[in-house]
Structure formats: C-alpha cells, structure tokens
Amino acid sequence: MQEQYFKWYSPNLSRDIQMLVFGHKGYPVILFPTSMGSFHENRDQGLIETAKWYIEQGLIQIFCPDSIDKDSFYNKHIHPAHKIANHGWYDKMICHEIVEKVKNQTYSGKVAVAGCSFGGYHAANFAFRHPGYVSHMFSMSGAFGIKSFMNGFHNEEVYYHSPEDYLHGLHDRELWNMDIVLGTSNWDICLDDNLRLSRILSSKDVHHWLDIRHDQPHDWPVWREMFPHYLSRIKFF
C-alpha cells in the first residue's frame, strides 16, 4: 500500500501543513482527524488499514491532512472571533489547496469526505458548505454544532460553520445529489447530534442514511467497522 508524505507552506494558513496520501490512484477521499488529531492519526489508529483492499486495487486514494483545532476551536487562550476566523482559513486551505487539485481525478469532478468524532464535524461542514465539490459524506460519530466552543459569541462566520444552523436555509441542488451517511451508535455520546442532524435533513427531503450501530462506544473499534462499509457506497467507475 503506497504511502506518501507531503509538507508545504499554506498561503491560506500562513504556516506549514502536513499530509499523508495512501494509494497510487483512485477516487479521492479526504479523511479528517479527530479533535486536535495529527495527519498520521487515522493511520496510527488502524483506520487506513481497514481500507487497504480499496487502496491496493486503485479504487480510492485517501488524503489525510493535518488539523489546526489547537489554533481554532480548542484554543482557550484566544477570542472566539479568532477561533472561527482561523477555522475559516482552514476551510479555505482544504478547498483550494487539496480538493480543487484532486477533484478532477474522478468522473464526477468531486471528492468524498469522511471523519470520525470531530473529524465527522469537519467532513460534514466542508460537504455542506461546498456541495458542488462533494459526492459522498461519511461522518462517523460526528457532532455538528460549535456553539459550545464560542462562549456565547456569535457572528456570521459562526453561523456559516455550524451545519445545524445554516442547513435550514441551504438550497444548493447539489446537496440533494450527495450520498450522506451519519454513522453513530446507541451508546455514542454524539447520538443526539446525529438524530438532530438527521431530522434537519429529513425536513428538507435530503436523502441520507442514519446508521445506528448497537452497543458500541464512541471509539475507534466501531469506526474501523464503519469506514470500509461506507467506502463500498462509492461508484468507482
């Protein structure tokens, strides 16, 4: 299984960013790390190994970028306005420095996005903000509100990075073309978040799969079950 390491200076973030890429060709999957996770977390936790068959067959290529959560949502030493501004630059980095460079590898001109836990938030937020770029969104135990990080602060940027808020008014037709999976469990600490987002999508007649597993905690074992299952939904040819 081919593994490549990339490091470059991001003009959007004004800092270096690191990324691992698995596979030599195939449908691009942007896989976000969990809260404050590194670019190698999904490999270290065995999630990449669960997709080995797809990767070795040249069906998918997985891109694992670094997070900047420590400089945005999880930085308790900066004002919430700076938190959400930094996350906005991260969104631009993912869009312009990764997705726009790999999306044309596919027949659809789109990518799949995925993530576990807070990576599920990143996947969902990117997909719903950029539905024209995303064919599949696989969230595994994600949560989709960010108000808890904002200490009561609210502005337009906070609104437009909170899927629970802006989805109500989103009318981009590409949203209805997206394959959306919300993976969770009856023991998942994020179960209510997934139920709530599912209700919002259902209220808009957006087709999606709310996959509730049984007796599984919010942890890597269930995500390692989910990920290869969800990848099978991609039409590779």
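**View 1. The whole chain, with its 9 helices and 8 strands.** This is a predicted model. The C-alpha atoms occupy a box of roughly 50 × 40 × 35 Å when the principal axes are used to frame the chain. For 237 residues, a compact globule would have a radius of gyration near 18 Å, and the 17 Å of this chain agrees with that expectation. Of the contacts that join residues at least 6 apart in sequence, 72% are between residues at least 24 apart.

**View 2. The surface and the charges of the chain.** About 10300 Å² of the chain is exposed, and 50% of this area is supplied by carbon and sulfur atoms, while 59% of the 237 residues count as buried. The chain carries 22 positive and 27 negative charges, and the mean position of the positive charges lies 3 Å from that of the negative ones.

**View 3. The largest nonpolar core, a set of 36 residues.** The members that touch the most other members of this core are Ile 30, Val 113, Phe 128, Met 137 and Ile 180. Among the elements that give two or more residues to the core are strand 2 (15–22), strand 3 (27–32), strand 5 (111–116), strand 6 (134–140) and strand 7 (179–185), together with helix 4 (80–102), helix 5 (118–129) and helix 8 (191–203). Helix 4 provides the largest share, with 7 residues.

**View 4. Ile 180 and its partners, with a second core.** Once neighbours within four places in sequence are set aside, Ile 180 is in contact with Phe 128 and Met 137, with Leu 175, Leu 201 and Val 206, and with the run His 207, His 208 and Trp 209. A second core, separate from the largest one, holds 29 residues, including Ala 114, Met 140, Trp 220 and Tyr 230.

**View 5. Phe 32, a buried residue of strand 3.** Phe 32 counts as buried because its relative accessible area is 1%, which is under the 20% cut-off. Leaving aside neighbours within four places in sequence, the contacts of Phe 32 include Asn 42, Tyr 90 and Ile 94, as well as Val 113, Ala 114, Gly 115 and Cys 116. Gly 119, His 122, Ala 123 and Phe 126 are also in contact with Phe 32. Ser 67 is 35 residues from Phe 32 in sequence, and the two C-alpha atoms are 7.4 Å apart in space.

**View 6. Glu 100, a partly exposed residue of helix 4.** The relative accessible area of Glu 100 is 30%, so this residue is classed as partly exposed. Apart from neighbours within four places in sequence, Glu 100 is in contact with Cys 95 and Tyr 133. Glu 100 and Glu 49 are separated by 51 residues in sequence and by 26 Å in space, taken from C-alpha to C-alpha.

**View 7. Two serines with positive phi, Ser 14 and Ser 117.** Ser 14 is found in the loop between strand 1 (3–10) and strand 2, and although it is not a glycine, Ser 14 has a positive phi of about 55°. Ser 117 lies in the loop between strand 5 and helix 5, and its phi, near 55°, is likewise a positive value in a residue other than glycine. With a relative accessibility of 14%, Ser 117 counts as buried.

How values were computed. Residues are numbered from 1 along each chain as its sequence is written. This is a predicted model: local features need pLDDT of at least 70, side-chain atom pairs count only at pLDDT 80 or more; totals for chains, interfaces and linings use all residues. Side-chain values use heavy atoms; hydrogens and water are left out. Helices (H or I, at least four residues) and strands (E, at least two) are DSSP runs, numbered from the N terminus. The radius of gyration is taken over C-alpha atoms; the globule rule is 2.2 Å times the number of residues to the power 0.38. Buried means under 20% relative accessible area, exposed over 50%, partly exposed in between (1.4 Å probe, protein chains only). Contact means heavy atoms within 4.5 Å. Accessible areas come from the Shrake-Rupley method with a 1.4 Å probe; for residues, only the protein chains shown count as cover. Lys and Arg count as positive and Asp and Glu as negative; His and the chain ends are not counted. The place of a charge is taken as NZ of Lys, CZ of Arg, CG of Asp or CD of Glu. A nonpolar core is a set of buried Ala, Val, Leu, Ile, Met, Phe, Trp, Tyr and Cys residues joined through side-chain atoms within 4.5 Å.
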